[in-house]
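Reader: Hi! I'm new to this one and would love a friendly tour. Could you put it up so we can look at it together?

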Amino acid sequence: MTLELHPGECLSLVGHNGAGKSTLMNVLSGNLAPDKGRIEVAGVDITGCLTPQNATAHGVRCVFQELSLCPNLTVAENARISHPSISGIGWRGDARRLIGDKLDEVFPGHGIPADDMVSDLSIARRQMVEIARAFAVTTAEARVVILDEPTSSLDTVAAKKLLDHVRSYVRSGGTCVLISHLLGEVLDTSDRIAVMRDGGIVALDRASAFDRNSLVKAMGSVVEAVTDRAAEAAAVRDTAPVVVQATPGASRSSVLAAHRGEVVGLAGLSGQGQTELLVRVFDRAPGTTVDGEVALVAGDRQIDGIFPLWSIAENISIGSLRTFLKGMFLDRAAARDFADSWRDRIGIRTPNVDNSILSLSGGNQQKALFARALASPAQIIVMDDPMRGVDIGTKQEVYEMIREEAAKGRTFLWYTTEMDELRNCDHVYVFREGAIVADLRRSDMSEERVLRASFRADA
Amino acid sequence: MSGFFSPRLLRNLLPPLSLAALLVAIFVLQPRTMSYFGLNLLLNLAIPITLATIAQMFILCVNELDLSIGGFVSLVACIVATWLHDTPLLGIAALAGLIAVYAALGALIHLRNLPSIVVTLGMSFVWLGLAVLVLPTPGGTAPEYVRTLMTLKPAYVPFPIIASVVIALVVHIFLMRSAWGTVLRGAGGNPRSLERAGWSILKIKMTMFALAGFFGVLSGIALVGLTTSADANIALRYTLLSIAGVILGGGEFVGGRISPIGAVIGAVTLTLAGSFLSFLRLNPDWQIGAQGAILIIVLALRVLVSRAEKRQ
C-alpha cells in the first residue's frame, strides 16, 4: 500500500479494531520503525532516520489516543515540553501565550487557565490542551498533524470547534490525518478517506465518493461464511434456563441474558463497556442475576492473567485449590497430577508442568489460563478478549474446546474484538458507549450488522 | 476551587503549619531557645539533613528511591575530614568522582531497567565499606574554611536559617521555575510523553542522579564543618530521614510531585522533632518511636486533606 499526504488536505483513516490505524500513525511519528517500505518527505527518503526527536523537526505532530501530558506540570509547562525552543528568561510567559492563544483560537471560550495543574483538569480539557499543543507553532512548523480519536473525550460543541479548526488549518495549507470511529465527522471533515483492514488499505477515495453504507461495507471482509449452527443455537436459547442476566452501566441499554450451555458473544469496538459488564457478572454486582460459580479468563495475560514467578502447574491449579485441601495443607502431588492431566487435555506444549510459566509461548500461556478456568468447578466462564496475540492454530483448538464445554452445559460470556470469533458464538450483543445497542441471534448475525451497530447512526 | 481554604491550599500549608506548631511547642517548653544562640543550636544540624533531603528529592522526582544517601554522606564526611584536609587536590578529585559514580548509577538503573531500591541498597554497603577504608577509626579534621563557614555568626538572623532559605530558593528556582527544571520534573510525571517530544530520559536520569550526588557531597561537607571530625557511621540515619523529609514536605513517591521548599521545611521539622522530644525529657529509648508518631500524625492529616480534595 502507498499513502500520500498532500499539503492542504485532510485524510481520514477508518477501520475496525486492529486494522492497523494506530500502527501506521506510530510509524509516521517515528515511534515505530517500519519493517519494510519507505517514508519520504518532499521527495527525500527518510526511512530509518525518522525518530520522535526529529519528527517534530520534520513538522509531524501527533495527538495520541491515550493522553500524553505530564499531569504534574501546568498547562504552560506542558507546552514547553513539546516545544524545546521555548527557553531562557521569560520562557514561562512565552509558553503561557503560545498555549493560551492556540486554545483561544481552536476552542474559543475554553476557560482553561494556563497555570492550572494538568492533573486538576477534566479529561475533556486535557484533550483540548493536547490538541492545542499539537497545532501550536514555534520555530518548528506544524506541517502534518495526526489526530487519533481526538473527539472521543470531547463534547459535541468542542468536537465541532475542533473539526472547524481542522478545516481552516487545511485551507491554510496544512495536512491533517484524522483517525476516527465517528463516520459522520469523517465524512464531513475529510477530503479523502482511506479504509484499512488487516494492516492494508482496502479503499482510498475522495470523501464525496463514500457514504455511511459504503464505508461500513468496505470495512467488513467480503466473504460471509454461513454456518449450520444457527438452528442449534436457537434451540438452546428457546429451551435452556437463563443463568446470567446483566445490564451494562449506561442508561437506555438492553439486557444481556445467557442461557445454560450457550456461548454469548460481546461485540463492538474495544472499550465500549464490555469488560465492565464481565466484571459486573464476576462480582455479582447489584442488578445482575448469576446462577452458579464464575471463572474468568483474563485478556491481558501479563497484567491480570499469569503469576510470572510460578510454575505452569501452580498457575493452572490456583483456580481450584480448595479441591486439594488435605486438612490444613495442600496436597501438592494431587495438584500436580491435576495440572498434568489438563496439560494433556488442552494440549499445552511443555515437557514438564513444573517449568516456569514464562517458558511457554504466549499462545500456550493463554491455554494455561483457559485450563485454570475450565478446570475450576465454575459453570459460567467469562472471557475478556482472551485471544489477543494468539496464533491461529491455538485459536482453533481453543474454539473447539469452548464448543465442547458448552455442549456439556457450561455457559460462556465472550468479549471479543475479532469478527471471526463471533462466528463461534450462539448469540451476540453489540456494545456501544457502555450500552447494548444490538441483540443478534446467530441466524441474524453478519459482519455488516455488527459493524453497523458499532458505529453511531447519527454521527 | 478558588476558595480561600481550598484543600489544595491547605495541603500546601500543611508542612509550614506543622513546623510552626512544633516551634511554638518548643518555645513554650524551653523559652530560652527563643534567642539567636538558642535557634543556632537548635537548627545547626538541620543544614546537612536539609541538603541530604534535597538530594533524595531529586531521585524521588524521577520515580526512583535512594537507600544509599546515608552511607554516601558518611563516606563524603570521611573523605572531607581526611583527604580534603590533608591533600586538597586528591580530596576534590575524589568528591567529583563520587558525583560521576552517582550519574553512572542513574544510567545503569535506566538502561538495565533495574529497581533503584536494589541498586542503591547494594551501593549503601559499598559506600559504608569505602568509608571504613578511608577512616577506620573516628577522627580526622575538618578543613579550616569549612569550619569557618559552618560557624558563621551573621548579625540578627542565625546562619542555619539563612542557609535553609538559600538552599530552598536556589533549588526552587532551578527545578520549579526554570525551563530546564520543567523538563526534569516532566520525566517523573509522564516519561513516555517526554520521549515522544524528543527528550532523552537517560540524560535526565543521569542529571538527576548527578544532582543528588552533588547535594550529598554538600551535605557531607556541611556535616564535617559542624562536627569537626568524621566517622564511617556518622550519617547512616540520613537515608530514612531524607525520605521522610521529602514526603513530610508534600512530595510523593511517584509522579514527579515534589516541592523543594516543602522538602527543606520537612527536613527542619524532623530535626526539631528530635529536640522537642528531648525537651519533653522523654526516655531516649522512646524517642525514635515518638518521632515516628509525629510523622504518622502529619501524614494522616495529609490524607484527610487529600480526601477532602477528592470530594470536591
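**Salt bridges, strands and an interface**

Author: Let's begin with A:Asp191, which counts as partly exposed at 27% relative accessibility. Keep in mind that this is a predicted model.

Reader: Okay! Which residue forms a salt bridge with A:Asp191?

Author: A:Arg167 does, and the closest N and O atoms of the pair are 3.2 Å apart. A:Arg167 is partly exposed too, at 24% relative accessibility.

Reader: And where do A:Arg167 and A:Asp191 lie in chain A?

Author: A:Arg167 belongs to helix α6 (residues 156–171), while A:Asp191 is in the loop between α7 (183–189) and β7 (192–197). The pair therefore ties together parts that are 24 residues apart in sequence.

Reader: Nice. How many salt bridges are there over all chains?

Author: A search of the whole structure gives 23. As background, side chains of opposite charge can pair when their charged atoms come close.

Reader: Can you show me another one?

Author: Sure, look at A:Asp354 and A:Arg336, with their closest N and O atoms 2.7 Å apart. A:Arg336 sits in helix α13 of chain A and A:Asp354 in the loop between α13 (332–346) and α14 (362–375), so this salt bridge ties together parts 18 residues apart in sequence.

Reader: What is the relative accessibility of A:Asp354? And what about A:Arg336?

Author: A:Asp354 has 42%, which makes it partly exposed. A:Arg336, at 29%, also counts as partly exposed.

Reader: Which side chains meet in a salt bridge at 3.3 Å, N to O?

Author: Those of A:Asp340 and A:Arg343. Both residues lie in helix α13 of chain A, three residues apart, or about one turn of the helix.

Reader: Are A:Asp340 and A:Arg343 buried or exposed?

Author: A:Asp340 and A:Arg343 are both buried. There's a wider picture here as well: salt bridges with shared partners link A:Arg336, A:Asp340, A:Arg343, A:Asp344 and A:Asp354 into one network.

Reader: Cool. Switching topic: what about the strands? How many residues of β17(A) are buried?

Author: Five of the five, so β17(A) is largely enclosed by the rest of the structure. A:Thr411, A:Leu413 and A:Tyr415 point one way from the strand, and A:Phe412 and A:Trp414 point the other way.

Reader: Which strand does β17(A) pair with over five bridges?

Author: That is strand β16 of chain A (residues 380–384), in the parallel sense. A:Val382 stands opposite A:Leu413 there. Strand β11 of chain A (residues 263–267) also runs parallel to β17(A), joined by four bridges. A:Gly265 has A:Trp414 as its bridge partner in β17(A).

Reader: And what comes after β17? Where is A:Thr416?

Author: A:Thr416 is in the loop between β17 (411–415) and α16 (419–422) of chain A.

Reader: Why does A:Thr416 count as buried?

Author: Because its relative accessible area is 1%, and buried means under 20%.

Reader: What does A:Thr416 touch?

Author: Leaving aside residues up to four places away in sequence, A:Thr416 touches A:Leu266, A:Ala267, A:Asp385, A:Glu421 and A:Leu422. With A:Glu421 there is a polar contact between the side chains, at 2.5 Å.

Reader: Great. Now the other chain! How many residues of chain A are in contact with chain B?

Author: 25 residues of chain A are in contact with 24 residues of chain B. The area buried between the two chains is about 1900 Å², with carbon and sulfur atoms giving 49% of that. In chain A, A:Asn72, A:Arg80 and A:Ile81 lose the most area to chain B, together 29% of what that side buries.

Reader: Which residues form the salt bridge across the interface?

Author: The rule finds one salt bridge across the interface of chain A and chain B. B:Arg185 pairs with A:Glu77, with the closest N and O atoms 2.9 Å apart. There are also twelve residue pairs in polar contact between the chains.

Reader: And which helices of chain A supply residues to that side?

Author: α2 (52–55), α3 (75–82) and α4 (91–106) each supply at least two residues. α3(A) gives the most, with four. By class, the side of chain A that touches chain B has twelve nonpolar, seven polar and six charged residues.

Notes
Residues are numbered from 1 along each chain as its sequence is written. Chains are lettered from A and ligands numbered from 1 in the order in which they are written. This is a predicted model: local features need pLDDT of at least 70, side-chain atom pairs count only at pLDDT 80 or more; totals for chains, interfaces and linings use all residues. Side-chain values use heavy atoms; hydrogens and water are left out. Buried means under 20% relative accessible area, exposed over 50%, partly exposed in between (1.4 Å probe, protein chains only). A polar contact is a pair of N or O atoms within 3.5 Å; within protein, one must be able to donate a hydrogen and the other to accept it, and residues adjacent in sequence count only if both atoms are side-chain atoms. Contact means heavy atoms within 4.5 Å. Buried area is the accessible area (1.4 Å probe) that two parts lose on being put together, summed over both. A salt bridge is a side-chain nitrogen of Lys or Arg within 4 Å of a carboxyl oxygen of Asp or Glu. Ala, Val, Leu, Ile, Met, Phe, Trp, Tyr, Cys and Pro count as nonpolar, Asp, Glu, Lys and Arg as charged, and the others, Gly among them, as polar. Two strands pair if DSSP finds at least two bridges between them.
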